[in-house]
Structure formats: structure tokens, C-alpha cells
Amino acid sequence: MRNRHVPQRTCVICGMKTSKRELVRVVMTPERECAVDDTGKRSGRGAYLCQQPACWDAALRGGRLAAALRGRIGQDDHERLAEFAEGIRAAAGAAGTTG
């Protein structure tokens, strides 16, 4: 049997290259809405972030995510992304306490 091709993507903040499924896709839709793309298939310009809380902090603080999406991230979109990042931070904290 042949090995199946696994798509690789790169985190726009830290540059870690891994399988597409392990990263989180953030998309800037044609309507200029910025959101987390759970399916990986929403139309629009996409950028990938790893699940490291530090990368999410840097993405929300600086302009690198907006630059990668080639657009401006509105305040409402920024708040939704910050809530998602808080979930990642909580999950990372829970994983750190069990090990």
C-alpha cells in the first residue's frame, strides 16, 4: 500500500510546520469577517496558527495575523478570537497539570 499524502501547513507566528489537521485555520471571509474555521473549507483568505498559547497571544497582540490575512481584524472579530485563545490556554493549562 502507498502512504497517503498528508498536507503540511506552517504557523504564521512561530513557523512550526506540521500537518494541516494539527493547526487552527483562521479565515478572512469575502465579507471581511475574521473567524476560526473549524471545517478548514470556508471561503476566504486563510492563515494557520498552532495550538501554543504564546502564538495566539502574539497573533492577537501584533499585526502578523492581520498581515497574513491581508485585512484588518475588527474589534468584534478580535474578541471572538481572544475567547477561542482563552479556550486553548485553558486546555494547555489542564494538560500541564495532569502530566
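Let us begin with the cysteines: a search through the whole of this predicted model turns up 0 disulfides. C11 takes part in none, and the nearest cysteine sulfur, that of C14, is 3.8 Å away. A disulfide is counted here when two cysteine sulfur atoms lie within 2.5 Å, and the 3.8 Å between the sulfurs of C11 and C14 does not meet that cut-off. C11 has a relative accessibility of 2%, so it counts as buried. What about C34? Its closest cysteine sulfur is in C11, 14 Å away, and that is too far for a bond. C34 is also buried, because its relative accessibility is 1%.

Now turn to the sheet. It is open, has 3 strands in the order β4-β3-β5, and its pairing is antiparallel. The edges are formed by β4 and β5, each of which pairs on one side only. If you ignore direction, neighbouring strands in this sheet are turned by 30° against each other on average.

Strand β3 deserves a careful look. How many of its residues are buried? For β3, which covers residues 24-28, the count is 5 of the 5, so the strand is largely enclosed by the rest of the structure. You can check this one face at a time: V24, V26 and M28 are buried on one side, and R25 and V27 are buried on the other, so to speak, with both faces covered. The partners of β3 lie in two strands. With β5, residues 45-49, β3 pairs in the antiparallel sense over 5 bridges. Here you can find V26 standing opposite A47 of β5. With β4, residues 34-37, the pairing of β3 is again antiparallel, over 4 bridges. In β4, A35 is the bridge partner of V27, while D37 is the bridge partner of R25.

Follow the chain from β3 to β4 and you trace a hairpin, with 5 residues between the two strands. One residue to pick out is R32, found in the loop between β3 and β4. Although R32 is not a glycine, it has a positive phi of about 70°. R32 has a relative accessibility of 46% and therefore counts as partly exposed.

There is another residue of this kind to visit, in a loop between helices. R70 is found between α2 (64-69) and α3 (75-98). R70 is not a glycine, yet it has a positive phi of about 55°. Is R70 buried or exposed? With a relative accessibility of 61%, R70 counts as exposed.

Let us go back to β3 and look at one of its arginines. R25 is found in this strand, and its relative accessibility is 11%, so it counts as buried. Which backbone atoms lie by the polar atoms of its side chain? The backbone oxygen of R42 lies 3.1 Å from a polar atom of the R25 side chain, and the backbone oxygen of G44 lies 3.3 Å from a polar atom of that side chain. To see what else R25 touches, set aside its neighbours within four places in sequence. The contacts of R25 then include A35, V36 and D37. Also among them are G40, K41, R42 and G44, along with R45, G46, A47 and Y48. Of these, D37 is a residue you have already met as the bridge partner of R25 in β4.

The last stop is a pair of rings. The structure holds 1 aromatic pair, and W56 and F84 are its members. A pair of aromatic rings is described by the distance of the centres and the angle of the planes. For W56 and F84, the centres are 5.3 Å apart and the planes make an angle of 45°, an arrangement called tilted. Where do the two residues lie? W56 is in helix α1, residues 53-61, and F84 is in helix α3, so the pair ties together parts that are 28 residues apart in sequence. Their surroundings can be described too: W56 is buried, because its relative accessible area is 0%, whereas F84, with a relative accessible area of 29%, is partly exposed.

Conventions
Residues numbered from 1 in each chain as written. Predicted model: local features only at pLDDT ≥ 70, side-chain atom pairs only at ≥ 80, totals over all residues. Heavy atoms only, no water. Buried < 20%, exposed > 50% of the residue type's maximum accessible area, 1.4 Å probe, protein only. Pairing = 2+ DSSP bridges. Polar contact = N/O pair within 3.5 Å; in protein donor to acceptor, adjacent residues only side chain to side chain. Contact = heavy atoms within 4.5 Å. Axes fitted to C-alpha atoms, helices over the stretch in contact; angles between N-to-C directions. Phe/Tyr/Trp six-rings, centres within 6.5 Å; stacked < 30°, edge-to-face > 60°.
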